[in-house]
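Here's a quick briefing on a few spots worth a look before you start setting anything up. Have the viewer open and follow along.

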Amino acid sequence: MVSIASASSLSSLKTLPLRLTCRSRRFSPTRSTAAAVPSISASISVGDKLPDATLSYLDADDEVQTVTISSLTAGKKAILFAVPGAFTLTCSQKHVPGFVEKAAELKSKGVDTIACVSVNNVFVMKAWKENLGIKDDAGLLLLSDGNGDFTRALGVELDLSDKPVGLGVRSRRYALLAEDGVVKVMNLEEEGAFTLSSVEDMGWVGLVLMMWRVIMTWRVGFYFCWVISG
């Protein structure tokens, strides 16, 4: 599991009254073997620069528009989260609506960009956006990684070719926080899970980091006063 955080992240992302979840998970061996089940991983990790890629969407006139990861994140605090597929149940009922509900609050705490990424084409993404009732001013972008280029660059592909629903290769569910394009938090889910990447989980990351910076500021101030008085 890929997770938690760097010290330089959102100092302005203050408390959201949300639940705390564990950022790591242990895998116990089964009775028949002593080998532990390996945790999932990605090519990207905390401290890495996000790879650049081009994502797309349909505007209000149904014209295809493109946006790069660098333009979404350069000089900004950005939350990017991915779903395995548009119109799927967990994505439609929980994951995306949670970020829609908290988008204004997150932006008031200093987040500049909130975007959902999925390996679907632009037409599916716009139809999904309309189905969910997401307005253009909702503060959330639904972006197509239609060919999976960004997903592959992160190393978060999810091969669902053996499933009867015809999803093929998609993206694992994740949520990441980047500051000026550098990953500060990366919460990557196991296949089928939704336990680490909700808006509530990202809110608690901000709280923990804010508390850490307060503690460090207090320690520096205490040391400075000790040096002066000494």
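The side chains of Asp145 and Thr151 are joined by a polar contact of 2.8 Å. Keep in mind that this is a predicted model. Below, Asp145 comes up again, followed by Ser144 and a pair of cysteines.

**Asp145 and its surroundings**
- Asp145 sits in the loop between strand 5 and helix 4 (149-154).
- A polar atom of the Asp145 side chain also lies 3.2 Å from the backbone nitrogen of Phe150.
- Which side chain of opposite charge is nearest to Asp145? That's Arg152, 6.9 Å away, and Asp145 has no salt bridge even though it is buried. The cut-off for a salt bridge is 4 Å between a side-chain nitrogen of Lys or Arg and a carboxyl oxygen of Asp or Glu.
- Apart from neighbours within four places in sequence, Asp145 is in contact with Leu55, Val117, Ser118, Val119, Asn120, Phe150 and Thr151.

**Ser144, in strand 5**
- Ser144 belongs to strand 5 (residues 141-144).
- Is Ser144 buried or exposed? It counts as buried because its relative accessibility is 3%, and the cut-off for buried is under 20%.
- The Ser144 side chain gets to the backbone oxygen of Asn120 at 2.4 Å.
- Not counting residues up to four places away in sequence, Ser144 touches Leu55, Ser56, Ser118, Asn120, Asn121, Val122 and Met125.

**Cys91, the annotated residue**
- An unreviewed UniProt entry carries an "active site" annotation that covers Cys91.
- Cys91 is placed in helix 2 (residues 89-108).
- With a relative accessibility of 1%, Cys91 counts as buried.
- Setting aside residues up to four places away in sequence, Cys91 touches Val83, Pro84, Gly85, Val96, Pro97, Trp128 and Arg173.

**Cysteines and disulfides**
- How many disulfides does the structure hold? Zero.
- Why is Cys91 not bonded to Cys116? The closest cysteine sulfur to that of Cys91 is the one in Cys116, and at 7.5 Å it is too far for a bond; the cut-off for a disulfide is 2.5 Å.
- Seen from the other side, Cys116 is in no disulfide either, with the sulfur of Cys91 as its nearest cysteine sulfur, 7.5 Å away.
- Cys116 counts as buried because its relative accessibility is 0%.

Notes. Residues are numbered from 1 along each chain as its sequence is written. This is a predicted model: local features need pLDDT of at least 70, side-chain atom pairs count only at pLDDT 80 or more; totals for chains, interfaces and linings use all residues. Side-chain values use heavy atoms; hydrogens and water are left out. UniProt positions are given in the numbering used here, feature names are shortened, and annotations may be inferred rather than shown by experiment. Helices (H or I, at least four residues) and strands (E, at least two) are DSSP runs, numbered from the N terminus. Buried means under 20% relative accessible area, exposed over 50%, partly exposed in between (1.4 Å probe, protein chains only). Contact means heavy atoms within 4.5 Å. A polar contact is a pair of N or O atoms within 3.5 Å; within protein, one must be able to donate a hydrogen and the other to accept it, and residues adjacent in sequence count only if both atoms are side-chain atoms. Lys and Arg count as positive and Asp and Glu as negative; His and the chain ends are not counted.
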